[in-house]
Amino acid sequence: MRTLAGVEDEEKWLAEGIAGIQHNAFFMHRALDANNLREVLKYSALMLSELRTSKLSPQKYYDLYMRAFDQLRQLEIFFKDESRHGLPVVDLYELVQHAGNILPRMYLLCTVGSVYIKSKQAPSKDVLKDLVEMCRGVQHPIRGLFLRSYLAQVSRDKLPEIGSDYEGDANTVIDAVEFVLQNFTEMNKLWVRIQHQGPGTVREKQEKERNELRDLVGKNLHVLGQIEGVDLEMYKETVLPRVLEQVVNCKDKLAQYYLMECIIQVFPDEYHLQTLEALLAACTQLMPTVDTKIVLTQLMDRLSNYAASSPDVLHEFLQVEAFAKLSNAIGKVIDTQLEMPIVGAMTLFVSLLTFTLRVHPDRLDYVDQVLGACVVKLSSVPKLEDARAMKQVVALLSAPLEKYSDIVTALTLSNYPRVMDHLDDGTNKVMAMLIIQSIMKNDSCISTADKVEVLFELIKGLIKDLDGTNVEELDEEDFQEEQNSVARLIHMLDNEEPEEMLKIIYVVRKHLMTGGPQRLPFTVPPLVFSAVRLVRQLEAQGGDIAGEDVPATLRKIFQILNQTIEALSSVPCPELALRLYLQCAEAASDCDLEPVAYEFFTQAFILYEEEIADSKAQVTAIHLIVGTLQRINVFGVENRDTLTHKATGYSARLLKKPDQCRAVYACSHLFWVDDPEGIKDGERRALRIANAAQQMVNATRGSSGPVTLFVEILNKYLYFFEKGNPHITPSDIQSLIELINTEMLSDNGNTTIHSDPFFSSTLRYIRFQKQKGGLMGEKYDLIKL
Amino acid sequence: MNYLLGAFKPACNVSITFSDGKNRKQVPMKKENGQTALVPLFHSQDTISGKVCIDPYQGKKVEHNGVKVELLGQIEMYFDRGNFYDFTSLVRELDVPGEIYERKTYPFEFPTVEMPYETYNGVNVRLRYALKVTVTRGYSGSILEYQELVVRNYAPLPDINSSIKLEVGIEGCLHIEFEYNKSKYHLKDVILGKIYFLLVRIKMKNMDLEIRRRESTGAGANTHVETETLAKFELMDGTPVRGESIPVRLFLAPYDLTPTHRNINNKYSVKYFLNLVLVDEEDRRYFKQQEITLYRLKEDASA
């Protein structure tokens, strides 16, 4: 309620002030029209007296000020025209100083002063100096600020800067700079002082109001930045030291922060670069509560942009040792500002790193140095818990990844993993993911075992459970995503040299094996395939390579593979292990390593027997085994018989009849390999098995879908028939077709012959073959439909 | 009717003209009735010369026991009304007793008159110069005519004119050091100076510089002191901080000032003071008064 009333009151006061200004402005205008100087001065002073109010907030006061300002423009025009008031401007300059109240007096003096300078009857520097001195009389912060801002405004186009009308022998750009600097200093003092006005209870509101006024002060810096003729020398010797002195001495957090920001924004980059030392020294002297990191960050951002703008300027950076200075300053700031949260320090490091990467992309040692400093800082605090700090560290670590698209570069940074050690597990994983993604994105290949070692060290958060991780907290989906990434990463580890590649595989295996049961299902397959690829590569090159310390022999590799997969089977993840064994078996077969392949099969069968209990899994497993076995031709008769019998036996012992049936007719292929050189010893057995399958179907009669099975068997018959198995006769096929027809009729009244598309397609195929004629057509002709 | 009216009117018109009346500077002077009139300006050692013209009205004759012109320098104390102290009285007899029938002109001259005091118009006291023409008559009453003069005296530039410098304060509350560039100012002078704040523990509203005039009249137990503030000039708005120095620049020209008068004819003194006043937010006033000497500088010398 109170504040509401306060606002209303303020509105009222503002309205009164405006009315006062308008009232007196009216009379002033009348006097202006009559060219009556005395009256003009009287009413303008009265009008300006409205600005003496203390009741308004800065915002409202600004409103009032602007209205007076408009009127003063009119007055200035009048003052300019001597023929209207009849007084030399120098006398006018004295005359307005007769006003009894200081505020109207100073506004009038500034107005006449601007005319005075324009008339060039006095050196502009003298007038400016006088004005800026006399303004000291107004010590009320808000009124003083606005007065000085008025002075700045009317004098802006009258500074004796280079190229201006007011520059001359006596008036140099130094005077212009002096003037602006002094006005700036005084304004800043006033601005800082606002906080000491009024009781502490309204501190917050005051801060806000102060903030609204900051641009009045900052404007001066802006002007300084624009003055023509302020060269680097002058900036370095005069402008910057003076401004910084004021910034440091005002000991006010708001002002220091804002002004540093202004300095950085207003002056050219090359000046910053050349005065880096002074600027940074000032940064370390700011109040502890000032957000120095943002200031420094901005500075570094600007400098990095500058560096990026043109390659020509880079040598300047080297000349002034920008990196060393920045790095030094940041160290100091972090050391001195003990209260700075860790996130602040991290932000600084990120900026410094960004700067380094942009300016000195070739200096990896700098990058490492930054990371090193970061490690030191992180070590000094207990475990990092601030989420924002964590984010900054991630940013810090990501920067080099982005810059050097080749991850390999990052791997050579000795401090990189040390920084990562300070992350919590979750973030560590995020970072590891980033690293992997970077590798993926850039398609960069990690080609030496050493680098792989480092890389795995970096991403160890993904590779194994770190101490204290609560497994239950893990999100299933995230976990899968992570592990899939690791799996993808493994494929990026590649080297043409088998010897090195083997080393890589050793390293990877070493790390992956620590992953525990959750991870192995994800990580082992890519490793196995990677190894199998190596195997095939070696095979293509003609066999074993004799290495120095690790001979890359095929047997050796298979041995590793065996062990690796074994680990997986104990997870337990038998289905996957089974598949991998079969893969390896196939690879071994291709390498003509019969015993090895046999060994793998043995492992697969053992797994099947001991571990795979689920009937569906069994079906899948059987089909896989059969499929693989069918393709492998390395086995001798004895081994082969053992395996095929085993497989057939398993098939026949499946739980469901349809499954049995399907598995068995699949097994039939084991005895008939479509290869002229292949084994055809089992012609008879193939048929027998097909028959066995048929019997099984009979057994399933009554349950749903035996017809389909018959049709499937028919297809097998046709296959073997086409391939020329002499034991499959057209009559066999014919009788099977009839059997199916009868089955279909008796099965269900509703089912018509055409309702089974599979069967009808099969029949259509037979007809097609008949019509086609030729050798095959003749064969088919024997089948009667 | 004419005759009757004529009986109450003076029989003649007496006028006084100065020989250099055309060229002599005239300055405005406030008359007793409050109106301002232009009055010729003289300085000490000036020769006052001119003519007295007696012009009888149509058909009248003026019988008289002599005509004289006096130069009077008087001090008039208001609380002692009616009593004039003539400190200067010079007489020139212009005519022996006789009759005047027609316009008659008498030249007169007071060569290099010593007029040590300046014309002064104060609160309780007035110092005036006037020419008084008396046409002495018998019972019908003398005919009197006055012509006011203004006398201003220039002072030379003072040999010693040191600045005023003082440190004042209230223990633990406010300490200031102020400096005015001179202790003696001429009337069109400008006071320059600065106020330096050594310690500020109070919140100030503003700081003014006042010019005060102290007029003391009479002597001993009868002394009347009257103080007027002639100028109030705001020097500062708001509260400064320690170390701040506020400039002073006060032009004296716009104010109605006179030179400092010390013990004029043992009757009165007029002194001037600069009063530095600080007003705090509770409207308490802290002030320090310093006497300054004002003098009149010959105009072209000051230029």
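A residue counts as buried here when its relative accessible area is under 20%. Tyr65(A) passes that test easily enough to make a handy starting point: at a relative accessible area of 2%, Tyr65(A) is buried. All of this comes from a predicted model, and the description below moves from the aromatic residues of chain A to the charged pairs, then to the contact between the chains and a couple of single sites.

Tyr65(A) has an aromatic partner in Tyr107(A), which is buried as well, with a relative accessible area of 0%. Across the whole structure, a search turns up 30 aromatic pairs over all chains. In the pair made by Tyr65(A) and Tyr107(A), the ring centres sit 6.5 Å apart and the planes meet at 50°, so the pair is classed as tilted. Tyr65(A) belongs to helix α3 (residues 58-80) of chain A and Tyr107(A) to helix α6 of chain A, so the two rings tie together parts that lie 42 residues apart in sequence. These two tyrosines also belong to a wider group: Tyr61(A), Tyr62(A), Tyr65(A), Phe69(A), Tyr107(A), Phe146(A) and Tyr150(A) form one aromatic cluster.

Another aromatic pair in chain A brings together Trp191(A) and Tyr258(A), both of them buried. This one is edge-to-face, with 5.9 Å from centre to centre and 70° between the planes. Trp191(A) comes from helix α9 of chain A and Tyr258(A) from helix α12 (residues 253-266) of chain A, so that the pair links distant parts of the chain, 67 residues apart.

Now for the charged residues. In general, side chains of opposite charge can pair when their charged atoms come close. Over all chains, the structure holds 40 salt bridges. In chain A, one of them joins the side chains of Arg363(A) and Asp365(A), at 3.1 Å from N to O. Arg363(A) is partly exposed at 31% relative accessibility, and Asp365(A) is partly exposed too, with a relative accessible area of 40%.

Chain B offers further examples. The side chains of Glu210(B) and Arg212(B) meet in a salt bridge of 3.6 Å, N to O, and Glu210(B) is buried, with a relative accessible area of 5%. A further salt bridge is formed by Glu228(B) and Arg213(B), whose closest N and O atoms are 3.3 Å apart. That pair links distant parts of the chain, with Glu228(B) in strand β18 (residues 224-237) of chain B and Arg213(B) in strand β17 (residues 204-217) of chain B, 15 residues apart. The two partners fall into separate accessibility classes: Glu228(B) is partly exposed, at a relative accessible area of 24%, whereas Arg213(B) is buried at 7%.

The two chains meet in a contact that takes 25 residues from chain A and 19 residues from chain B. About 1800 Å² of area is buried between chain A and chain B, and carbon and sulfur atoms give 46% of it. There are 12 residue pairs in polar contact between the two chains, and 5 salt bridges are found across the interface. A salt bridge between Asp237(B) and Arg143(A) connects the chains, the closest N and O atoms being 2.5 Å apart. On the side of chain A that touches chain B, α6 (102-119), α7 (124-134) and α9 (173-193) each supply at least two residues. By class, that side of chain A has 5 nonpolar, 10 polar and 10 charged residues. Residues of both chains also appear in a network of salt bridges that links Glu133(A), Arg136(A), Glu186(A), Lys189(A), Arg193(A) and Glu244(B).

Two single sites round off the picture. Glu482(A) is placed in helix α26 (residues 476-492) of chain A and is buried, with a relative accessible area of 12%. Residues up to four places away in sequence aside, Glu482(A) touches Lys429(A), Met433(A) and Leu462(A).

In chain B, Val168(B) lies in strand β13 (residues 164-170). With neighbours within four places in sequence left out, Val168(B) is in contact with Leu174(B), His175(B), Ile176(B), Phe178(B) and Lys288(B). The C-alpha atoms of Val168(B) and Leu198(B) are separated by 9.8 Å, the two residues being 30 apart along the chain.

Methods. Residues numbered from 1 in each chain as written. Chains lettered and ligands numbered in written order. Predicted model: local features only at pLDDT ≥ 70, side-chain atom pairs only at ≥ 80, totals over all residues. Heavy atoms only, no water. Helix = DSSP H or I, 4+ residues; strand = E, 2+ residues; numbered from the N terminus. Buried < 20%, exposed > 50% of the residue type's maximum accessible area, 1.4 Å probe, protein only. Contact = heavy atoms within 4.5 Å. Salt bridge = Lys/Arg side-chain N within 4 Å of Asp/Glu carboxyl O. Buried area = accessible area lost by both parts, 1.4 Å probe. Polar contact = N/O pair within 3.5 Å; in protein donor to acceptor, adjacent residues only side chain to side chain. Nonpolar A, V, L, I, M, F, W, Y, C, P; charged D, E, K, R; others polar. Phe/Tyr/Trp six-rings, centres within 6.5 Å; stacked < 30°, edge-to-face > 60°.
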